[in-house]
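Below is a set of questions on why particular labels apply to parts of a structure. Each answer sets a computed value against its cut-off.

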Amino acid sequence: MSRRALTFVCQNCGAAYGRWQGKCEACGEWNTLVEEGDSAAARIAGPGRPPRKGRKFALEPLTGQTHDAPRQPSGVAELDRVTGGGFVRGSVLLLGGDPGIGKSTLLLQAAAALGRTGHRSAYISGEEAVAQVRLRAERLGLRDAPVELAAETSVEDIIATLAEGPTPRLIIIDSIQTMWTDAIEAAPGTVTQVRGSAQALIRFAKRSGAAVILVGHVTKDGQIAGPRVVEHMVDAVLSFEGEGSQHFRILRSMKNRFGPTDEIGVFEMTGLGLREVSNPSELFLSERDLGSPGTAVFAGIEGTRPVLVELQALVAPTSLGTPRRAVVGWDPSRLSMVLAVLEAHCGVKLSGHDVYLNVAGGLRIQEPAADLAAAAALVSSLVNAPLPADAVYFGEISLSGAIRPVAQTSARLKEAAKLGFGRAVLPESARGEAGSDSGLSLNPVGGLTSLVAEIAARGTPRGNRDNSAAEKNATPARFRRQEG
Ligand code: TYD
Ligand code: MG
């Protein structure tokens, strides 16, 4: 009798255990361990079936003809920008995002745009009835677009249907969580089913050359629900993000085997579906409240594109023992670092203040180049002094308080000039790269101390003057003392 090697594999993260337990210690999920391995495999293959002998295949040398991955542009330029120029034939892409963010809308628009170029495109909805999808198409003005529509959830049926006739260029599966395959005996929606269905669809994509997009739901903590392994199985993972209350939607690439991962696509949700925003800076700056303290415009780069965005800070005396630090759209540890440098090198005492930092428009910034803009906004709020409305800021702050240069100075300046800004506060060492023809007046800063002193010189401290030592800490005089 053969030895049965039992393995229990977490369907969320893939960790393997010798025995069953309720909680996966690797990822902390409950009830995700499922028996896999020899005995489970034998059950799938069927009892008594002899093991298949391997088939020989031809090996190829690494040197040889290379072909660019054949791509199919979707016709939605912002989507193509994020995928790296269109969908690669035979590839599978996972699109994640909060419910109601606009995934179905985006993909229906993409399917229609592709259908209108004369290619076969199919939209399979596992969540909505055909009539509902039609209703949405009508609202989007896409009623006459040649898209093949179905409300189906059986992967085998879907594959059998789509394998007939010319291969579709684009197949949309909305969503992978609603799909189920006969090959697996588990209820639809379980991680095992999601993984099995994804596997079957990926095999079909590779075999047929169709580009497949799987819609994936996102859990409360922002991860694509179901097995994380699906993210490893697909060729690209995109996430569609945005604040529910705002109209901006940002499409971001988290993984892409065939293209860049740092590009973003920007959309605006309107009554007539998603509108592409080809100049995001205008959108992010459209609702600026000019002249209020605590806001600074950051000249950033997203992928290959310069994007100007407003950083908003609020620094207020705290009533708590441990002051609050809250940040939306930026890395909290970078905020801590900027606060520490302000405290250590510039004499800005923030231990008695709550600090809030927000990136306007729902954008998420990853660049360290935002340090300088964040610091300027924080100090501006602390001393209640508005920053000049026509200034942009960029530069990385080092732990010593020096301002370090960042990449693509001239692209940032050009974008700022295009949008009517008059001056740029930038690292001293970037002055050479900036040149003199940017059209902006340059205000180079070598260290954070001088920037803080400059802002503080214009301000009066916020709020009630006659109490708290913390407030006194924030007076401009204090900064000047530090300076001198
Ligand atoms: P939907 O694409 O269904 O989101 P998801 O598939 O990610 O769950 O988008 C639903 C939201 O979008 C809903 O709140 C209404 C809004 N919406 C518009 O504002 N305009 C439109 O033209 C459409 C179709 C939807
Ligand atoms: Mg949907």
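Q: Where does Arg249 lie, and why does Arg249 count as buried or exposed?
A: In this predicted model, Arg249 is part of strand E12 (residues 248-256). Its relative accessibility is 6%, and buried means under 20%, so Arg249 counts as buried.

Q: What makes the pair formed by Arg249 and the backbone oxygen of Ile101 a polar contact?
A: A polar atom of the Arg249 side chain lies 2.8 Å from the backbone oxygen of Ile101. The cut-off for a pair of N or O atoms is 3.5 Å, so the pair falls within the limit.

Q: How do you know whether Glu78 is buried or exposed?
A: Glu78 is found in helix H2 (residues 77-83). Its relative accessibility is 3%; with the limit for buried set at under 20%, Glu78 therefore counts as buried.

Q: What does the side chain of Glu78 reach, and which residues does Glu78 touch?
A: The Glu78 side chain reaches the backbone nitrogen of Val266 at 2.8 Å. Leaving out residues up to four places away in sequence, Glu78 touches Ile264, Gly265, Val266, Phe267, Glu276, Val277, Ser278 and Arg305.

Q: Why is Ala402 called partly exposed?
A: Ala402 has 30% relative accessibility. Buried would require under 20% and exposed over 50%, so Ala402 counts as partly exposed. Ala402 lies in the loop between strand E20 (396-397) and strand E21 (403-404). Beyond residues up to four places away in sequence, Ala402 touches Glu396, Ile397, Gly446 and Gly447.

Q: How far apart are Ala402 and Val341 in sequence and in space?
A: They are 61 residues apart in sequence and 9.6 Å apart in space, C-alpha to C-alpha.

Q: Why can the buried residues of H11 be said to line one face of the helix?
A: In helix H11 (residues 409-418), the residues Thr409, Arg412, Leu413, Glu415 and Ala416 are buried. Viewed down the axis of H11, the buried residues fall within an arc of 160°, so they line one face. The face turned away from the buried side carries the exposed residues Lys414 and Lys418. Just after H11, Gly420 has a positive phi of about 90°.

Q: Which residues come nearest to ligand 1, and what makes the pair with Ser104 a polar contact?
A: Of the 16 residues around ligand 1, Gly100, Ser104, Thr105, Thr270 and Gly273 come nearest. A polar side-chain atom of Ser104 is 2.6 Å from an oxygen atom of ligand 1; since a pair of N or O atoms within 3.5 Å is a polar contact, this pair is one.

Q: Which backbone atoms come within the same limit of ligand 1?
A: A polar backbone atom of Thr270 is 2.8 Å from a nitrogen atom of ligand 1. A polar backbone atom of Gly271 lies 3.2 Å from an oxygen atom of ligand 1. Both distances fall within 3.5 Å.

Q: How much of ligand 1 does the protein bury, and which elements give two or more residues to the shell?
A: Ligand 1 taken alone exposes 560 Å², and the protein buries 74% of that. The elements are helix H3 (103-116), helix H4 (130-139) and strand E13 (264-270). H3 gives the most, with three residues.

Note on methods: Residues are numbered from 1 along each chain as its sequence is written. Chains are lettered from A and ligands numbered from 1 in the order in which they are written. This is a predicted model: local features need pLDDT of at least 70, side-chain atom pairs count only at pLDDT 80 or more; totals for chains, interfaces and linings use all residues. Side-chain values use heavy atoms; hydrogens and water are left out. A residue is near a molecule or strand if one of its heavy atoms lies within 4 Å of it. A polar contact is a pair of N or O atoms within 3.5 Å; within protein, one must be able to donate a hydrogen and the other to accept it, and residues adjacent in sequence count only if both atoms are side-chain atoms. Accessible areas come from the Shrake-Rupley method with a 1.4 Å probe; for residues, only the protein chains shown count as cover. Helices (H or I, at least four residues) and strands (E, at least two) are DSSP runs, numbered from the N terminus. Buried means under 20% relative accessible area, exposed over 50%, partly exposed in between (1.4 Å probe, protein chains only). The arc is that of the directions from the helix axis to the C-beta atoms. Contact means heavy atoms within 4.5 Å.
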